[in-house]
Amino acid sequence: MKIGIIGLPKSGKTTIFNSLTRQNAAVSSFATGKTGPNIGIAKVPDPRVGVLSDMFKPKKTTYSTVEYIDMVGFSVGLSKDADAQKGLAPIKDVEAMIHVVRCFEDESVPHSLGNVDPLRDIQTLELELILYDHSLIEKRLEKLDAQTKKGQKIPEDEKALLLRCMEALEKETPLRALNFSEEEDKVMRAYQFLSIRPELIILNIGEGDLVSDRVKVWSEKADKMSEGKEIAIVSLCGKIEMEISQLDPSETSEFLKELNIDEPALNRVIRASFDLLGIIPFFTVGEDEVRSWIIRKGMPAPKAGGKIHSDIERGFIRAEVIAYNDLISSGTMARAREKGLVRLEGKTYIMKDGDIAEFRFNV
Ligand SMILES: Nc1nc2c(ncn2[C@@H]2O[C@H](COP(=O)(O)OP(=O)(O)O)[C@@H](O)[C@H]2O)c(=O)[nH]1
Ligand SMILES: [Mg+2]
């Protein structure tokens with residue numbers, strides 16, 4: 001799964017990218033003119049994987065991963081700036097976006113719009129996404145009209161769909177707030193719309209501001225603004241998170257305790273983005289490997305097996321499934337079997353969060 005990180009310049013995108021991926025890409029207080037994105041992979045933190053690994057003592061433990069792309073080029077005027085649009089190419093495969101919003105004050109980091117005003121910044125960037133999509137549709141409709149004038153046949157369904165999108169965008173409604181049929185979805189995918197992707201807004205709070213009233217107000221107002229738009233909101237301090245992520249894992253818990261934090265906020269980011277996208281993990285276990293996989297909610301067992309290997313989906317016979325909590329409460333797989341907690345499930349079984357599955361297949 002790929003998640004793109006967007007936001008106005010100097011909002012803390014690269015800082016948060018570094019925390020998510022434990023990388024060390026350059027963060028800077030001045031415009032860098034960098035044109036390529038940073039790309040990094042992060043393990044999906046899930047304490048259950050560690051517990052299963054302790055239980056099965058496998059040769060290998062593998063976490064599912066998310067790829068983060070620190071996008072460049074988001075600034076006011078994007079829809080008219082051909083140069084900035086070049087930075088958008090990696091957005092193609094991005095399933096969701098993290099929109100970083102600056103809430104921190106720092107005189108040494110000039111704000112591109114003059115002062116810190118998170119609500120204005122959210123509206124500004126959201127509007128840029130909408131304008132960009134609007135310009136894409138405008139161009140396409142012009143082409144279709146030209147074809148009509150020449151007496152050529154055009155895809156009328158597509159035109160109607162684009163007109164519907166246009167109408168929404170003109171009311172400043174992002175495309176992600178619309179409902180599309182499966183057929184329409186396919187058409188929409190061919191375009192690289194920005195406002196169609198589900199979005200997680202991160203309020204990037206200053207280190208001295210974590211529990212302040214103004215942050216509470218911003219957060220509530222941002223919530224209100226985002227109602228019905230498939231947007232979730234999380235707040236964290238990018239600077240502290242980057243420090244945490246660069247600690248040696250043995251020092252992390254000590255540092256978190258000192259700061260009175262339960263867990264790195266980035267775990268919340270992952271959970272919030274999974275909720276937003278309807279993604280759940282399931283596990284496979286054994287002596288060789290304990291591993292977590294991520295799938296869309298509502299996925300039937302054969303398709304989930306297909307994530308592991310296409311043969312499993314093709315030759316699916318059945319899955320042996322036990323809920324994580326049932327295994328833990330039983331202590332061992334053998335004991336769980338005796339208690340009848342390991343179920344045999346067929347083709348129509350819908351996988352659940354935390355299922356531990358073994359697939360039987362024949363090709
Ligand atoms: N004080 C403070 N500075 C931050 C925070 N997050 C980012 N910065 C600083 O803001 C500047 C821009 O950050 P960067 O991540 O490069 O922003 P980007 O342009 O959106 O990628 C850097 O100097 C960061 O150190 C924060 O939470 N607090
Ligand atoms: Mg950056």
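**Briefing: ligand site, sheet and cysteines**

In this predicted model, an oxygen atom of ligand 1 lies 3.1 Å from a backbone N or O atom of serine 11. The protein part includes an open sheet of six strands with mixed pairing, and helices H4 and H10 lie against strands of this sheet. There are zero disulfides in the structure.

**Ligand 1**

- Ligand 1 has 19 residues around it, and those that come nearest are Lys10, Lys13, Thr14, Thr15 and Glu207.
- Glycine 12 has a polar backbone atom 3.0 Å from an oxygen atom of ligand 1.
- A side-chain N or O atom of asparagine 204 is placed 3.2 Å from a nitrogen atom of ligand 1.
- The contacts of serine 11 and glycine 12 are made by backbone atoms, whereas asparagine 204 uses its side chain.

**Sheet**

- The strand order across the open sheet is E2-E4-E1-E5-E6-E7.
- Strand E2 (38-43) and strand E7 (231-236) form the edges, each pairing on one side only.
- On average, neighbouring strands of the sheet are turned by 25° against each other, with direction ignored.
- Within the sheet, strand E1 (residues 2-7) runs parallel to strand E4 (residues 65-70), and four bridges join the pair.
- Isoleucine 5 has aspartate 70 in E4 as its bridge partner.

**Helices on the sheet**

- Helix H10 (residues 265-277) packs on the sheet and touches E1, E2, E4, E5, E6 and E7.
- The direction of H10 makes about 180° with that of E7.
- Helix H4 (residues 118-149) lies across E1, strand E5 (96-102), strand E6 (199-204) and E7.
- Relative to E5, H4 runs at about 145°.
- Strands E1, E5, E6 and E7 are contacted by H4 and also by H10.

**Cysteines**

- The structure holds zero disulfides.
- Cysteine 103 is in no disulfide, and the nearest cysteine sulfur, at 10 Å, belongs to cysteine 237.
- Cysteine 237 is likewise in no disulfide, with the sulfur of cysteine 103 as its nearest cysteine sulfur, 10 Å away.
- Because a disulfide requires two cysteine sulfur atoms within 2.5 Å, the 10 Å between these sulfurs leaves cysteine 103 unpaired.
- Cysteine 103 counts as buried because its relative accessibility is 0%.
- Cysteine 237, at 3% relative accessibility, therefore also counts as buried, the limit being under 20%.

Note on methods. Residues are numbered from 1 along each chain as its sequence is written. Chains are lettered from A and ligands numbered from 1 in the order in which they are written. This is a predicted model: local features need pLDDT of at least 70, side-chain atom pairs count only at pLDDT 80 or more; totals for chains, interfaces and linings use all residues. Side-chain values use heavy atoms; hydrogens and water are left out. Buried means under 20% relative accessible area, exposed over 50%, partly exposed in between (1.4 Å probe, protein chains only). Two strands pair if DSSP finds at least two bridges between them. Helices (H or I, at least four residues) and strands (E, at least two) are DSSP runs, numbered from the N terminus. Axes are lines fitted to C-alpha atoms, for helices over the stretch in contact, and angles run from 0 to 180 degrees between N-to-C directions. Contact means heavy atoms within 4.5 Å. A residue is near a molecule or strand if one of its heavy atoms lies within 4 Å of it. A polar contact is a pair of N or O atoms within 3.5 Å; within protein, one must be able to donate a hydrogen and the other to accept it, and residues adjacent in sequence count only if both atoms are side-chain atoms.
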